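Open the model in your viewer and keep the selection panel at hand. This tour goes stop by stop.

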Amino acid sequence: MTDGARARLDSPVGPLTLVEQDGAVVALEWNATGDVVRTGMLGDAVAQMSDYFAGDRQAFDVPLQPRGSAFQQKFYAALRAIPYGETRTYGDLATELGVSAQAIGQACGANPIAILIPCHRVLGAAGLGGFSGAGGVEAKVKLLKLEGAASLLI
């Protein structure tokens, strides 16, 4: 569990907790417990996520500060560049970033701010691939359906 201010919300993929440090979201935790200390920025983040889950928002503009290596930072930027309702394959991102598809899969699994940094939009060449959030691939499918990318699942 990450230290910092925290805000919870219920979502179609289960209870989520956003964690803030130094004015930016640093983590999204699934099914987290513990004290909630909500800040104004976290209130905005919860409102934006609620709008997203209601189908009324396609992009987030709250500050994000995921921890990670230089490669992971490039990877997170590439994920944020995937438009709402679109997907890329592990191979697409591997080619773009000059790494292996396995490295992309590992980076997806290490994404500390899922949904806001949309790793659910990354698919395998011949299937869905994995998803590290609670609920696994079922949660990924729910997020893709929410974004209108369900035709990609057939």
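Which residue in β3 is the bridge partner of Val19? Select Val19 and look across to β3: the partner is Ala27. Keep in mind that this is a predicted model.

**Stop 1: the hairpin**

Select residues 16-21, which make up strand β2. Add residues 24-30, which are β3. The two strands run antiparallel, and six bridges join them. Together they form a hairpin, with two residues between the strands. Now click on Asp22 in the turn and check its backbone torsions. Its phi is positive, at about 50°.

**Stop 2: the open sheet**

Add residues 5-9 to the selection; this is β1. β1 pairs with β2 over five bridges, again in the antiparallel sense. Go back to Val19 in β2: Arg6 stands opposite it. Val19 therefore has Arg6 opposite it and Ala27 as its bridge partner in β3.

Zoom out to the three strands. They make an open sheet in the order β1-β2-β3, with antiparallel pairing. Why do β1 and β3 each have one side without a neighbour in the sheet? Both stand at the edges and have a single partner strand each, so one side of each is left free of a sheet neighbour. Turn the view to look across the strands. From one strand to the next, the twist averages 25°.

Next, colour β3 by accessibility. Is this edge strand buried or exposed? Seven of its seven residues are buried, so β3 is largely enclosed by the rest of the structure.

**Stop 3: two cysteines**

Select Cys108 and Cys119 and show their sulfur atoms. How far is the sulfur of Cys108 from the closest cysteine sulfur? The distance is 5.5 Å, to Cys119, which is too far for a bond. Start from Cys119 and the closest cysteine sulfur is the one in Cys108, again at 5.5 Å. A disulfide needs the two sulfur atoms within 2.5 Å. The structure holds zero disulfides.

Both side chains are worth a look with the surface on. Cys108 is buried, with a relative accessible area of 8%. Cys119 is buried too, at 4% relative accessibility.

**Stop 4: His120**

Move along to His120. Where does His120 lie? It sits in the loop between α4 (101-110) and β5 (122-123). Its relative accessible area is 0%, which makes it buried.

Show what surrounds it. Beyond neighbours within four places in sequence, His120 is in contact with Tyr52, Ile115, Phe131, Lys140, Leu143, Leu144 and Glu147.

**Stop 5: the whole chain**

Clear the selection and switch to a cartoon. How many helices and strands does the protein have? There are five helices and five strands. Follow them along the sequence and the pattern reads β-β-β-α-α-β-α-α-β-α.

Now consider the overall dimensions. Along the principal axes, the C-alpha atoms fill a box of roughly 40 × 35 × 25 Å. The radius of gyration is 15 Å, in agreement with the value near 15 Å for a compact globule of 154 residues.

Colour the whole chain by burial. Buried residues account for 44% of the 154. Switch on the surface: the protein exposes about 7300 Å², and carbon and sulfur atoms supply 50% of that area.

Finish with a contact map. Take the contacts between residues at least 6 apart in sequence. Of these, 56% join residues at least 24 apart.

How values were computed. Residues numbered from 1 in each chain as written. Predicted model: local features only at pLDDT ≥ 70, side-chain atom pairs only at ≥ 80, totals over all residues. Heavy atoms only, no water. Buried < 20%, exposed > 50% of the residue type's maximum accessible area, 1.4 Å probe, protein only. Helix = DSSP H or I, 4+ residues; strand = E, 2+ residues; numbered from the N terminus. Pairing = 2+ DSSP bridges. Axes fitted to C-alpha atoms, helices over the stretch in contact; angles between N-to-C directions. Rg over C-alpha atoms; globule rule 2.2 N^0.38 Å. Contact = heavy atoms within 4.5 Å. Areas by Shrake-Rupley, 256 points an atom, 1.4 Å probe, with all protein chains shown as cover.
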